[in-house]
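Colleague: I'm new to this structure and would like a close look at one part of it, the sheet. Could you walk me through how its strands are arranged and what sits around them?

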Amino acid sequence: MRHRKNTAKLGMKSQHKRATLANLVSSLIKHKRIRTTVARAKVARRLADKMVTLGKQGTLAARRLAIARLSMRGPGPDLDKEARQRWHKNQDVVRILFEEIAPSFKDRQGGYTRVVRVGNRLGDAAEMAILEWTGTVVGPVEPKKKDKKTKDEKKT
């Protein structure tokens, strides 16, 4: 029995789940909005909120914890100085989290993300959602649909 076990399994083993969630939260930090299944969005929301809490602390220990939990790796030794600077500016999710996202939530006590349901996926009818930061403005969210032509359009 799974009494009082509040972790979602998501149909994968623990290492795979940890890597998937780290990638989801990293993508959320980089792109400010991601599209995924509702189950994954709900689990990733918990981790994203914890990362913002670490970012609000702003200490070196908090930064190291964020690096460890997001499985963050550096740009690699083969890049030149300019490429490293570009990576640091655009791809360094811990820097983006600590310098851009966390300061925008300094007066907020929680609830940093929102899950907006957008319908079902065409392939397997999985319920899809958009996970985004609450400080962003919500635009029109519509599911992707294939263009279906009518019989008259097909003939011409």
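Modeller: Here is a walk through the sheet, followed by a look at the helices around it. One thing to keep in mind from the start: this is a predicted model.

Let's get our bearings before zooming in. The protein chain has 6 helices and 3 strands, and if you read along the sequence, the pattern goes α-β-α-α-α-α-β-β-α. So that you can find them on the screen, strand S1 covers 33-37 and strand S2 covers 113-120, while strand S3 takes in residues 127-133.

Now for the sheet. The sheet is an open one of 3 strands, and the order across it is S1-S3-S2, with antiparallel pairing. As a general point, strands of a sheet pair through backbone hydrogen bonds, and they can do so in a parallel or an antiparallel way. Here S1 and S2 are the edge strands, each pairing on one side only. The sheet isn't flat like a board, either: neighbouring strands are turned against each other by 25 degrees on average, direction ignored.

Take the S1 side to begin with. S1 and S3 are held in antiparallel pairing over 5 bridges. If you want to trace it residue by residue, start at Arg33, whose bridge partner in S3 is Glu132. Then move to Thr36, and you'll find Ala129 of S3 as the bridge partner.

On the other side, S2 is joined to S3 by 7 bridges, and these two strands run antiparallel as well. A handy landmark here is Val115, which stands opposite Leu131 in S3. S2 and S3 also form a hairpin, with 6 residues between them. Have a look at Ala125 in that turn: its phi is positive, at about 60 degrees.

What about burial? In S3, 6 of the 7 residues are buried, so this strand is largely enclosed by the rest of the structure. For the protein chain as a whole, buried residues make up 33% of the 156 residues.

Next, what packs on the sheet? Helix H2 does, touching S1, S2 and S3, and its direction makes about 15 degrees with that of S3.

Follow H2 (residues 38-57) and you come to another neighbour, helix H3 (residues 60-69): the axes of these two helices come within 8 Å and cross at roughly 155 degrees. An angle over 145 degrees counts as roughly antiparallel, and H2 and H3 are therefore roughly antiparallel to each other. Their crossing is left-handed. On the H2 side, the contact is made by Met51, Leu54 and Gln57, and on the H3 side by Ala62, Leu65, Ala66 and Arg69. Sorted by type, the residues of this contact come out as 5 nonpolar, 1 polar and 1 charged.

There is one more helix pair to visit. Helix H1 (residues 14-31) and helix H5 (residues 93-104) have axes that come within 9 Å and cross at roughly 50 degrees, so H1 and H5 are oblique to each other. H1 passes H5 in a left-handed crossing. Ser26, Ile29 and Lys30 of H1 make the contact with Val93, Ile96, Leu97 and Ile101 of H5, and the residues involved divide into 5 nonpolar, 1 polar and 1 charged.

Finally, a word on the chain as a whole: among its contacts with a separation of 6 or more, 57% are between residues 24 or more positions apart.

Notes
Residues are numbered from 1 along each chain as its sequence is written. This is a predicted model: local features need pLDDT of at least 70, side-chain atom pairs count only at pLDDT 80 or more; totals for chains, interfaces and linings use all residues. Side-chain values use heavy atoms; hydrogens and water are left out. Axes are lines fitted to C-alpha atoms, for helices over the stretch in contact, and angles run from 0 to 180 degrees between N-to-C directions. Helices (H or I, at least four residues) and strands (E, at least two) are DSSP runs, numbered from the N terminus. Angles under 35 degrees count as roughly parallel, over 145 as roughly antiparallel, 65 to 115 as roughly perpendicular and the rest as oblique. A crossing is left-handed if the near helix is turned anticlockwise from the far one by less than a right angle, and right-handed if clockwise. Contact means heavy atoms within 4.5 Å. Ala, Val, Leu, Ile, Met, Phe, Trp, Tyr, Cys and Pro count as nonpolar, Asp, Glu, Lys and Arg as charged, and the others, Gly among them, as polar. Two strands pair if DSSP finds at least two bridges between them. Buried means under 20% relative accessible area, exposed over 50%, partly exposed in between (1.4 Å probe, protein chains only).
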